[in-house]
Amino acid sequence: MDKYLCIHGHFYQPPRENPWLEEVELQDAAYPYPDWNERITSECYAPNAVSRILERENNIIDIVNNYSNMSFNFGPTLLSWMERHQPKTYKIIIEADKQSREKFSGHGSALAQVYNHLIMPLANLQDKRTQILWGIKDFFYRFGRKPEGMWLSETAVDYETLDLLTEYGITFTVLSPYQAQRIRKVEEKKWADVIGGNIDPKRPYLCRLPSGRVINIFFYDGPVSQDVAFGGLLRNGENFAKRLIGTFDAKRTEPQLVHIATDGETYGHHHHYGEMALSYAFNYIASNDLAKITIYGEYLEKFPPQYEVQIIENSSWSCFHSVERWRSNCGCKIGTHSSWNQQWRAPLRNAMDWLRDKMVKIYEDQMSMYVNDPWHVRNEYISVILDRVPAQVSEFLNANKSKELSEADTIKVLRLLESQRYAMLMYTSCGWFFDDISGIEAMQVIHYASRAMQLIKQATGFDLEDDYLEIIEEAKSNISEYENGAKLYEMFVRPAKLDMQRAGAHYALWSLFANYEEVSDIYCYEAKRIAFERLEAGRQKLCMGSVKIKSQITYEKGAKSFAILHLGDHNVFGGVCDLLDDETFLIMQQEMREAFEKSDVAQIISLLDKYFNSHEYSFWHLFKDMQRQALTNILGSTLREIETSFRQINEHHYPIMLAMKEISIPLPGIFSSTLEFIVNADLLKELKAEEVDFKKLRDLIVEIKRWPLKIDKTTLGFIAGQKINELMERISSNPGDIPLMKTVEGIFKILQPLELPLRLWEAQNSFFFMGKRMHDKMEGKANHGDKTAKRWMDAFSALGKYLSVKSI
């Protein structure tokens, strides 16, 4: 067969971690998920690992791993997050590359990616090297092999980048057809112009580089990729397959490769259930022998390039103006607000370039005191980023130091290296991609810049912040209240900055609610308790203690003493200072205790000022997510009081509400709002309960049918889906549990009238694989008169109908 098909998915999310905590904080826009990484994993990354193939009646007949059939790359920073937070999906992705090597002549489906998605043509030479080396080493750490190909962020390319790829052993990359300038057959002299996307994408091309080396380039099919990403091609898997097959040239006798490339999130996140269209298309094409499914490495081995190409330098796949989208007001934008401009992009880029160049000099000068080659050491630092255990850090430092390092030297070296990590993270492409500097993506890279400046100041004393703000002030926001980048910095970045004092304050404040272990991990900090006492009297609390804090990133240490007074609600007064000596601490503790026992709030505040020089620490000094948890705890009793009042109102006035309904008089808003709140709260409570109370659920459904109530379908659907998924996982572990199968069937039956949006791929997978293990065996027993097996078959069949999984 001379027809080959390759589908590439570029799976990537920008790094979203708080740079001071190294974790992603809550993102309300991702609701009902805690953040966008979790949401997109549920909608895309995980479903593609176990994608369903449907029959014409929309029942699931098979489940496959799309990653083992397609070409793909994952952003290293995304895989790092996934390894920690979604290990099951992470392992399936890694395993898919191993499986693909068996299918594709020893070639793996996975490609590497430049490390944190910066725009390579706009980077300096050293950053380009580090991005490529970190991408390669991250890939080897995860997939256990050297990468053949590497994905370039936004496919942004120049010859210097291609040359560096080949220097480090990369053999191919993938570009847009609009990035090709001219082609010719190998060994021929005459070039043919292909500007405007006129290159034939059905063959690989050889690109000769300034160094004399060569790299292979695949130019994906633009029109089909466009329809997959932005059209309706994923609404039907068979139509998708036919469009792909229809792209082949029927008159062509030589081998041809039809291949497309899109964001991987197209398959499930941008287009819900797009992963199912993808798996159906693969199955349809393979089962009908319409083309040979392949990946780039395998195709390149079988059919080396017969043509060579010259590229358009400084071009990309998502900007018609080369790479201007990441440095100027070129006109490329999302377009939600047609009147907005992107003039802020240039000063934001200028600020980052100025900061990078200042930091280059500081880093070289300062790091040279401890190592022979600062840039080689930065390149090797990826080994620490991948595994921050103390043994790995020690091995890294010992291998690279030029002299013995004191504890202070070690902290300084780690700060300098971390400043360089953030100096690259601040160039993550999404920071310039969208429409305003106030967007979360642009603000994220500004946070990274702030962390880089803080680390440099801590390590060397150089303060770059004022000059940086002067430049970024020229970046004007389209939203008048934000004015410019400097004001946004003061509003959102400066309050987020952390140091040892703030980490100690967080420990102190959270001790009002948490029972810390002697040693506790608080994000990327380690806290060791020295002393602690909590006193309570009604709603009032007083916490006193001392703690040692250590950064697990830079090894910076601090020791703090504290006293925190909570008067109830959000009224908190606290003091935090450097560690008090034992005698002073004991005196402070005794005086505070005596004042608290007398309920002498004024005296406690006076003592806070005496021992800590202020009482300024409050809930607002907690880390962001803990602020929310603390306020939720505080509001708990208040919300319960409100709910009790609502229930009393509803019970007292329910007869008259029924009378009004009988004579078709609309309910007053207070009555309908109260009833709506109660019904939603009760539904949520029942769906979260360990044991399902079917009578209460039925009564609530009756109530919903009786009144025109607005149901919170988003939250209820999310919780109901979680409940069903959890129960199906239990059934999968104990497949003979017929009563539990009946319970799940009952939940489906009762909730059916609500038409909740249920994401059930996990439950469907559990059911499908359980059927693979159990169905034939139980069917055989049932056919021989086994009554229990017959009951199991009936329950299994009924459940399969609700889950839309073919039960045979």
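This report walks through some strands, salt bridges and surface patches of one protein chain. The structure is a predicted model, so treat it as a computed picture.

## Strands and sheets

Let us start with an open sheet. It is built from 6 strands in the order E7-E11-E10-E14-E8-E9, with mixed pairing. Strand E7 (172-175) and strand E9 (192-193) are found at the edges; each has a single partner strand, so one side of each has no neighbour in the sheet.

Further inside that order, strand E10 (residues 205-208) pairs with strand E11 (residues 214-219). The two are joined in the antiparallel sense over 4 bridges. Across this pair, Tyr205 stands opposite Ile217 in E11.

Now look at another pair of strands, E15 and E16. In a regular strand, side chains alternate between the two faces of the sheet. Which side chains of strand E15 are buried, and which are not? Ser520 and Ile522 point to one face and are buried, while Val519 and Asp521 point to the other face and are not buried. Strand E15 covers residues 519-522, and strand E16 covers residues 525-537. These two strands run antiparallel and are joined by 4 bridges. The buried Ser520 stands opposite Ala527 in E16. Together E15 and E16 make a hairpin with 2 residues between the strands, and in this hairpin Tyr523 takes a positive phi near 55°.

## Salt bridges

Side chains of opposite charge can pair when their charged atoms come close. How many salt bridges does the structure hold? The count is 52. Three of the pairs are set out here.

| Pair | N to O distance |
|---|---|
| Asp227 and Arg243 | 2.5 Å |
| Lys557 and Glu407 | 3.8 Å |
| Lys790 and Asp794 | 3.0 Å |

The salt bridge between Asp227 and Arg243 links distant parts of the chain: Asp227 belongs to helix H6 (residues 222-230) and Arg243 to helix H7 (residues 237-245), 16 residues apart. Both ends can be found at the surface in part: Asp227 is partly exposed, with a relative accessible area of 28%, and Arg243 is partly exposed at 29%.

Lys557 and Glu407 also meet in a salt bridge. That pair links distant parts of the chain too, with Lys557 in strand E18 (residues 557-566) and Glu407 in helix H14 (residues 407-425), 150 residues apart.

The salt bridge of Lys790 with Asp794 lies within one helix, H28 (residues 787-803). Why are these two residues separated by about one helical turn? They are 4 residues apart in the helix, and that spacing is why about one turn separates them. Lys790 counts as partly exposed at 43% relative accessibility, and Asp794 counts as partly exposed at 40%.

Salt bridges can also join into a network, as they do for Glu22, Arg388, Glu418 and Arg421.

## Patches on the surface

Two surface patches round off the tour. One is negative and is formed by Asp466, Asp467, Glu470, Glu473 and Glu474. Among its members, Asp467 lies in helix H17 (residues 465-472) and is partly exposed, with a relative accessible area of 42%.

The other patch is nonpolar: Leu635, Leu639 and Ile642 make up about 260 Å² of surface. Leu635 has its place in helix H22 (residues 624-662), and Leu635 is partly exposed, with a relative accessible area of 43%.

Note on methods
Residues are numbered from 1 along each chain as its sequence is written. This is a predicted model: local features need pLDDT of at least 70, side-chain atom pairs count only at pLDDT 80 or more; totals for chains, interfaces and linings use all residues. Side-chain values use heavy atoms; hydrogens and water are left out. Buried means under 20% relative accessible area, exposed over 50%, partly exposed in between (1.4 Å probe, protein chains only). Two strands pair if DSSP finds at least two bridges between them. Patches are made of residues with over 30% relative accessible area and no salt bridge: like charges are joined within 9 Å, nonpolar side chains (Val, Leu, Ile, Met, Phe, Trp, Tyr) within 5 Å. Accessible areas come from the Shrake-Rupley method with a 1.4 Å probe; for residues, only the protein chains shown count as cover. A salt bridge is a side-chain nitrogen of Lys or Arg within 4 Å of a carboxyl oxygen of Asp or Glu. Lys and Arg count as positive and Asp and Glu as negative; His and the chain ends are not counted. The place of a charge is taken as NZ of Lys, CZ of Arg, CG of Asp or CD of Glu.
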